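I opened my notebook to look at how the parts of this structure meet one another. My entries below follow the order in which I looked things up.

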Amino acid sequence: MINHLDLLIVGAGPAGLSAAVAARSCGLDVGVVDEQGAMGGQIFRNLHLPFGRDVLDEHDKELGLQLFDAFHASGARFFSETTVWGADKNTVFCKHKGKSEKITATKILFTTGGMERPIPFKGWTLPGVMTAGAAEIILRSGGHISADKEPVVLAGNGPLLLSLAMHLIDEGIPIAAWLDTGRFSHKLGSIMHMGSALGDIPYLKRGMHMALRILKNKIPIIQGVNQIEALGENSLEKIRYQKNSKWHEVASHTLIRHENIIPRVQIASALGVELVWDSVQRYWYPKTDEYGRTNLNDVYMTGDGAFVNGGEASINKGYIAGIAIAQDMGVLSADEGALRCAESLAAMRKTCKARNYLRYVFAPNPDAYKVPDETIVCRCECVTAKEIRDAVREGFHTPDEVKRFTRAGMGPCQGRMCGNALAEIIAQEQGVSVEKVGMLRNRQPFAPVTLGEYCSLHAPKI
Amino acid sequence: MSDTVKIYVDEKMMEVPAGISVAAAILGHSHSHNHSNDQSRKAFHNNSMDASPRAPYCLMGVCFECMMEIDGEANVQSCLVTVQDGMQVKRQLNTEAFHYKNTEDDLPENRRTNND
Ligand SMILES: Cc1cc2nc3c(=O)[nH]c(=O)nc-3n(C[C@H](O)[C@H](O)[C@H](O)COP(=O)(O)OP(=O)(O)OC[C@H]3O[C@@H](n4cnc5c(N)ncnc54)[C@H](O)[C@@H]3O)c2cc1C
Ligand code: FES
């Protein structure tokens, strides 16, 4: 596929694309791979399609189209539907349409982004239950969220719920209920004020606009919800929720849950990149400097995969990393590097400071992990909270030990969906902090590879 | 008006927008007002441990609940594959629970059914 590269970038979201633009501007030979069918990452998903563009607001659309243009003009190469499953000193292993490939590069930058925090609840495996990101992607694929614009139910606590609610209102899809699982009341009010508190005027305007539309549309927002259950035979039929120890019911075929974004750290964990715990957002993130350098030689990480600061910050973070890599390769002097980074670095620091407010507003409620015993925590292997708690009582004290005993985290998703909850439940059971319990360790391959895919690496090239 | 492609889901033809993923095509473009007939709410596959019905949860490559057979290859994450004209997609409906470990002895003790 490709010979040796100066820089291989894994992930074609805002961070990866803008890192490619920066590194190309310094003359590096750059390749970008992404497991998705097209570039854009989460925020710019399907921006190349008309309905993908229609859903995005003007500001984000403008940013995305500019970035795409710059990338196309840069001469960096892009490989879609290519999943990276392994890495070793300056080498990356990936699979594309059933065949594995090996790519070598002097520097490797991981911009693999974030994912929505999975919080288990009873019935969350039923068809009809999905995340806010999934619902967004359906809309950006020109699809419908529900049949005949049937009402849907939103649940959780995080910024994507707000923008999704806007898009549902635009589509004329009623919201039967919005079950708020956050800890802070009057969040809508605080969103209206946060921009002014920080002097970020454009952001204030967008927040105000969203809050006003939600208020105007009289969506029933139910605060202080502490248990949610999805019920149905073969797919979702109704939702039960508990508030003030009373149970209520609402009928719907669609439940959309969102509990904010966390970095995807499986690759960092498998490679041995040092990880740090954020006690506000309750997630692990790779330890990097502002330029994306990790504790491993030639391995860089940035974007939301390094710490969640959002799309705009990711563009700047990526650019800075691209320049820093050129500098580390000796292509640029330190002075020249600093000069070329200056603007993005200042912008990035400003956005990160402003958006830090969101980190607190949408802090997860640790009680959300106090799930009933019968709840399936590991979706792949069908391991319940009870099995995990029993394992802790039997003397297994870390996610890795509990995994070996219960099989939680051993399925195809390799613990991406249950890892966080597993650690939270183990910590609760022992009355210690999650940080102390540690995280579910990942190993290579970080994506399932079939024997055939693996063997294709060693097959003679015809 | 954007382009469309024809894909076949369990041999039934669906005309969907070009450029989107297989999973997004099925979830967003096969609704029916008759709920029992709603293809978008049908299982994409059954879980291999308990045979429960599963459908895409994340649509972004993390949860593996969108696994389907695509053009003859099983267990493909359909949210990562772009629809192509003539693509053959099959739901992996296996309503009998089975373990992908061969024998019960491979399972940890607490998960064997004949625990005595
Ligand atoms: C589901 C979801 C929806 C979001 N929607 C919005 C939104 O509408 N608006 C907004 O402002 N922010 C949104 N965000 C926040 C988003 O994380 C950031 O704003 C921004 O997209 C982060 O940019 P990034 O480049 O760091 O990562 P991402 O944009 O997440 O891009 C990472 C890319 O890496 C690829 N990747 C990951 N692992 C591998 C691998 N092993 N091999 C190959 N490729 C891989 C992914 O396919 C992805 O395309 C969303 C986040 C999520 C998780
Ligand atoms: S829907 Fe989650 S991996 Fe495809």
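**Domains and their contact**

I began with two domains of one chain, keeping in mind that this is a predicted model: domain 1 of chain A and domain 3 of chain A bury about 660 Å² between them, 55% of it on carbon and sulfur atoms. On the domain 1 side, I noted that A:Q266, A:W277 and A:R282 lose the most area to domain 3 of chain A, together 58% of what that side buries. I then looked up the residues that touch, and found 6 residues of domain 1 in contact with 6 residues of domain 3 in chain A. The C-alpha centres of these two domains of chain A lie 31 Å apart.

To place these pieces along the sequence, I wrote down the division of chain A, which consists of domain 1 (4-115 + 262-358), domain 2 (118-259) and domain 3 (371-437).

**Chain A against chain B**

Next I turned to the two chains, and reminded myself that the size of an interface is often given as the accessible area lost when the parts come together. Chain A and chain B bury about 4,100 Å² between them, and 56% of that area is on carbon and sulfur atoms. In chain A, I found that A:P127, A:R379 and A:R407 lose the most area to chain B, together 13% of what that side buries. The contact draws on 61 residues from chain A and 44 residues from chain B.

**Ligand 1**

Where does ligand 1 lie with respect to the chains? I found ligand 1 between chains A and B. Within chain A, domain 1 (4-115 + 262-358) and domain 2 (118-259) both give residues to the shell around ligand 1, so the ligand lies between these domains.

I counted 33 residues surrounding ligand 1, of which the closest are A:D34, A:Q42, A:R140, A:D304 and A:G311. By type, the shell divides into 11 nonpolar, 16 polar and 6 charged residues. In chain A, the elements α1 (14-25), β4 (82-88), β7 (114-116) and α9 (311-328) each supply at least two residues of this shell.

Finally I checked oxygen atoms of ligand 1 against the backbone. An oxygen atom of the ligand is 2.7 Å from a polar backbone atom of A:G311, another entry gives 2.9 Å to a polar backbone atom of A:A15, and for A:P14 the distance is 3.2 Å. The protein covers 93% of the 960 Å² of accessible area that ligand 1 has on its own.

Terms used:
Residues numbered from 1 in each chain as written. Chains lettered and ligands numbered in written order. Predicted model: local features only at pLDDT ≥ 70, side-chain atom pairs only at ≥ 80, totals over all residues. Heavy atoms only, no water. Near = heavy atom within 4 Å. Polar contact = N/O pair within 3.5 Å; in protein donor to acceptor, adjacent residues only side chain to side chain. Areas by Shrake-Rupley, 256 points an atom, 1.4 Å probe, with all protein chains shown as cover. Helix = DSSP H or I, 4+ residues; strand = E, 2+ residues; numbered from the N terminus. Nonpolar A, V, L, I, M, F, W, Y, C, P; charged D, E, K, R; others polar. Domains from an automatic or database assignment. Contact = heavy atoms within 4.5 Å. Buried area = accessible area lost by both parts, 1.4 Å probe.
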